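Biologist: Can you pull up the model so we can go through the charged pairs and the packing together?

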Amino acid sequence: MVGIKDIASRCGVSPTTVSNVLNNKNNVGQKTRDRVLETARELGYVHKKTEVVAGGSKRNTVAINFSDFDAQFYFDVLHGISDYAVKRDFNLLICTKENFAKYADSESICGCIIMDWSTDDATILSIADKGIPMITLDRQMPHKLIKNMVTGNYESEKTLVEKLVSSGFKSFAFLGGIDSDDNRERYRAFRDVLRDNDISFDRNLLYEGDWTEKSGAAAARLIMLQPRMPQVLVCANDLMAIGAIRKFQENGIRVPDDISVCGFDDVIMSKYLGLTTVCVPNYERGYLAMQALSDIIDGTGNFENFKIGARVKWRKSIRPLI
């Protein structure tokens, strides 16, 4: 028997949008309404109230796929999501990757926001294939029911490194995180600026971290073993930069006098440590993600990719050279 999810999948909209159309609600655009009704006729759908109401309640819960390894980083994003969700009377269900697939497929879920980079693509796509609309943050996933909201990683990192070069820095180390779209774009911007300015980069000064302070400290220990330390350590996120700074200071290495350090994200601790970084508007992107998902569920949104701007915040962790 044809169900709401079948119609949603064929039309490229959410099951909630189909349910709104079939129940003659006025919160769906006319073009979408006509497409849903035509598809329902083509598939021979027979409307039943029990498919709109499951267990006596409407589909009004959004599953948030969340990584608990860095609660500090995600707090502002979740705050933004929550504020818009409350405004539109959505419930939120916070899931880690271990239980996301189970709960995202429940009868009450009307959409998902994906924040955990470690949840595998196959799991996410399998949920989207069932007609559940999704918003991904900083992750590119082509699918008709997935809207990708990405940070301007390349542009903002390029601005940061260009300023470092114009300030006179010529010797660089780079500390990257776990392989991801974010990490690749930030490293690509870093290398492009050095190449464009004819600055050579010693591959021995490329370090791999895992986004944590611990991996930043580990990279700092390796840097201190170099016969000559670089002038500046560019980190792909703030937590690794903070870990490196603390390890340098424990060993009598002064920041920025002996080595300059910069990060990316602008977490709360960065301000107090005076860390130069790229500020990502996390509250705003959480709010916009929930707003975009709500519009999609209502049938008024779209699945076009959206890029969020970020800006550099210059603080005392970079030593002026010129």
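**Salt bridges, cores and helix packing**

Biologist: Let's start with Arg186: buried or exposed?

Modeller: Arg186 is buried, with a relative accessibility of 3%. By buried I mean under 20% relative accessible area, with exposed over 50% and partly exposed in between (1.4 Å probe, protein chains only).

Biologist: What are the ground rules for this model?

Modeller: This is a predicted model, where local features need pLDDT of at least 70 and side-chain atom pairs count only at pLDDT 80 or more, while totals for chains, interfaces and linings use all residues. Residues are numbered from 1 along each chain as its sequence is written, and side-chain values use heavy atoms, with hydrogens and water left out.

Biologist: OK, which residue does Arg186 form a salt bridge with?

Modeller: Asp265, with the closest N and O atoms 4.0 Å apart. A salt bridge here is a side-chain nitrogen of Lys or Arg within 4 Å of a carboxyl oxygen of Asp or Glu. Asp265 is buried too, at 8% relative accessible area.

Biologist: Where do the two partners sit?

Modeller: Arg186 is in helix 9 and Asp265 is in the loop between strand 11 and helix 12 (268-273), so the pair ties together parts that are 79 residues apart in sequence. Helices (H or I, at least four residues) and strands (E, at least two) are DSSP runs, numbered from the N terminus.

Biologist: How many salt bridges in the whole structure?

Modeller: The search finds 18. One group is a network linking Glu185, Arg188, Asp192, Arg195 and Asp196.

Biologist: What does Asp192 pair with in there?

Modeller: Asp192 bridges to Arg188 at 3.9 Å, N to O, and to Arg195 at 3.0 Å. Both partners are in helix 9 with Asp192: Arg188 is 4 residues away, and Arg195 is 3 residues away. An α-helix has 3.6 residues a turn, so residues three or four places apart point the same way.

Biologist: And which of those are buried or exposed?

Modeller: Asp192 is buried at 12%, Arg188 is partly exposed at 39%, and Arg195 is exposed at 52%.

Biologist: Switching to the greasy stuff. What's in the largest nonpolar core?

Modeller: It has 44 residues, and those with the most contacts inside it are Phe172, Phe190, Leu233, Phe248 and Val261. Helix 8 (153-166), strand 8 (172-176) and helix 9 (181-196) are among the elements that each supply at least two residues, and helix 11 gives the largest share, 6 residues. A nonpolar core means buried Ala, Val, Leu, Ile, Met, Phe, Trp, Tyr and Cys residues joined through side-chain atoms within 4.5 Å.

Biologist: What does Phe190 touch?

Modeller: Leaving aside neighbours within four places in sequence, Phe190 is in contact (heavy atoms within 4.5 Å) with Glu157, Val161, Phe172, Ala173, Phe174, Phe201 and Val234. A second, separate core of 24 residues includes Val77, Ile81, Ile113 and Ile308.

Biologist: Now the N-terminal end. How do helix 2 and helix 3 pack?

Modeller: Helix 2 and helix 3 (residues 30-43) pack at about 85 degrees, with axes 10 Å apart. The axes are lines fitted to C-alpha atoms, for helices over the stretch in contact, and angles run from 0 to 180 degrees between N-to-C directions. That makes helix 2 and helix 3 roughly perpendicular; under 35 degrees is roughly parallel, over 145 roughly antiparallel, 65 to 115 roughly perpendicular and the rest oblique. Thr17, Val18, Val21 and Leu22 of helix 2 meet Thr32, Arg33, Val36 and Leu37 of helix 3.

Biologist: How many residues of helix 2 are buried?

Modeller: 8 of its 8, across residues 15-22.

Biologist: Where is pLDDT under 50?

Modeller: Over residues 47-57. The chain averages a pLDDT (the predictor's confidence in each residue, from 0 to 100) of 88, and 92% of the residues score at least 70.
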